[in-house]
Amino acid sequence: MTTPDTKRDEDAVRRYVESLGLVLSQIGMQRMSARVFAALMTTDEGRLTAAELAAQLSVSPAAISGAVRYLEQIGLVAKEREPGERRDHYRLYDDLWYATFLKRDRMIIMWRDAAENGIEALGEDTPAGKRLAEMRDFLSFMLTELNGMYERWHKLREEKNA
């Protein structure tokens, strides 16, 4: 967190926001959503209004609207409004990475269950059924491993913050 004694090089911050946004878009995130996420990650408060995001990124409010809608859908950003205010604020979740991957956990379960349904429809001994069985088995393995990883992460985080 910056304090009155701490100065940030705002040009370096802007370059980093664009750099992080580019990396995130290269790994599959929508470009504007990647830039918005990077802007939120680099603000000390972890929250900004749509107008603040638009000004910081030099884009239209409409571009911000679509980007934050996507980020909300994938569980990276929450929308909130202070009592008596007319503007929405977009903020990062407190335990962002854990919350994001828990959401992915539910998607993996749905994907695994869909594979199981396909196996029943195609027959486990058919080539397509065997591919789906391997997918189901891999996804089941991932779920087991992810649960252990979540536990280790929370333990590590608690030790670090103690």
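# Charges, bridges and folds: a guided tour

The chain carries 24 positive and 27 negative side chains, and the centres of these two sets lie 5 Å apart. The model is a predicted one.

User: Thanks! How many helices and strands are there in the chain, and what pattern do they follow along the sequence?

Analyst: Happy to help you get your bearings. The chain holds six helices and three strands. Reading along the sequence, their pattern is α-α-β-α-α-β-β-α-α.

User: What radius of gyration does the chain have, set beside a compact globule of 162 residues?

Analyst: Let's begin with the extent of the C-alpha trace, which spans about 65 × 40 × 35 Å along its principal axes. A compact globule of 162 residues would have a radius of gyration near 15 Å. For the chain, the value is 20 Å.

User: What share of the residues in the chain is buried?

Analyst: Start from the outside: the chain exposes about 10800 Å², with carbon and sulfur atoms supplying 55% of that area. A residue counts as buried when its relative accessible area is under 20%. Of the 162 residues, the buried share is 31%.

User: Among contacts between residues at least 6 apart in sequence, what percentage joins residues at least 24 apart?

Analyst: Here we set aside pairs that are fewer than 6 apart in sequence. Of the contacts that remain, the share joining residues at least 24 apart is 52%.

User: How many salt bridges does the structure hold?

Analyst: Here is the general idea. Side chains of opposite charge can pair when their charged atoms come close. In this structure, the number of salt bridges is 13.

User: Which helices does the salt bridge between Arg35 and Glu18 tie together?

Analyst: The closest N and O atoms of Arg35 and Glu18 are 2.7 Å apart. Arg35 is in helix H2 (residues 31–42) and Glu18 is in helix H1 (residues 10–26), so the pair ties together parts 17 residues apart in sequence. Arg35 is buried, at 12% relative accessible area, while Glu18 is partly exposed at 27%. The two helices you asked about are H2 and H1.

User: And which strands are tied together by Glu80 and Arg47?

Analyst: The side chains of Glu80 and Arg47 meet in a salt bridge of 2.9 Å, N to O. Glu80 belongs to strand S2 (residues 77–80) and Arg47 to strand S1 (residues 47–49), so this pair ties together parts 33 residues apart in sequence. Glu80 is partly exposed at 22% relative accessibility, and Arg47 is partly exposed at 22%. The strands are S2 and S1.

User: Which residues are linked with Arg47 in a network of salt bridges?

Analyst: You have already met one of them, since Glu80 pairs with Arg47. The network linked with Arg47 is made up of Glu80, Glu82 and Arg91.

User: In the salt bridge between Arg136 and Asp137, is Arg136 buried or exposed?

Analyst: The closest N and O atoms of Arg136 and Asp137 are 2.9 Å apart. Asp137 is partly exposed, at 43% relative accessibility. Arg136 has 15% relative accessibility, and the cut-off for burial is under 20%, so Arg136 counts as buried.

User: What is the phi of Ser58, and where does Ser58 lie?

Analyst: Most residues other than glycine have a negative phi. Ser58 has a positive value, near 55°. At 67% relative accessibility, Ser58 counts as exposed. Its place is the loop between helix H3 (50–57) and helix H4 (61–73).

Conventions: Residues are numbered from 1 along each chain as its sequence is written. This is a predicted model: local features need pLDDT of at least 70, side-chain atom pairs count only at pLDDT 80 or more; totals for chains, interfaces and linings use all residues. Side-chain values use heavy atoms; hydrogens and water are left out. Helices (H or I, at least four residues) and strands (E, at least two) are DSSP runs, numbered from the N terminus. The radius of gyration is taken over C-alpha atoms; the globule rule is 2.2 Å times the number of residues to the power 0.38. Buried means under 20% relative accessible area, exposed over 50%, partly exposed in between (1.4 Å probe, protein chains only). Contact means heavy atoms within 4.5 Å. Accessible areas come from the Shrake-Rupley method with a 1.4 Å probe; for residues, only the protein chains shown count as cover. Lys and Arg count as positive and Asp and Glu as negative; His and the chain ends are not counted. The place of a charge is taken as NZ of Lys, CZ of Arg, CG of Asp or CD of Glu. A salt bridge is a side-chain nitrogen of Lys or Arg within 4 Å of a carboxyl oxygen of Asp or Glu.
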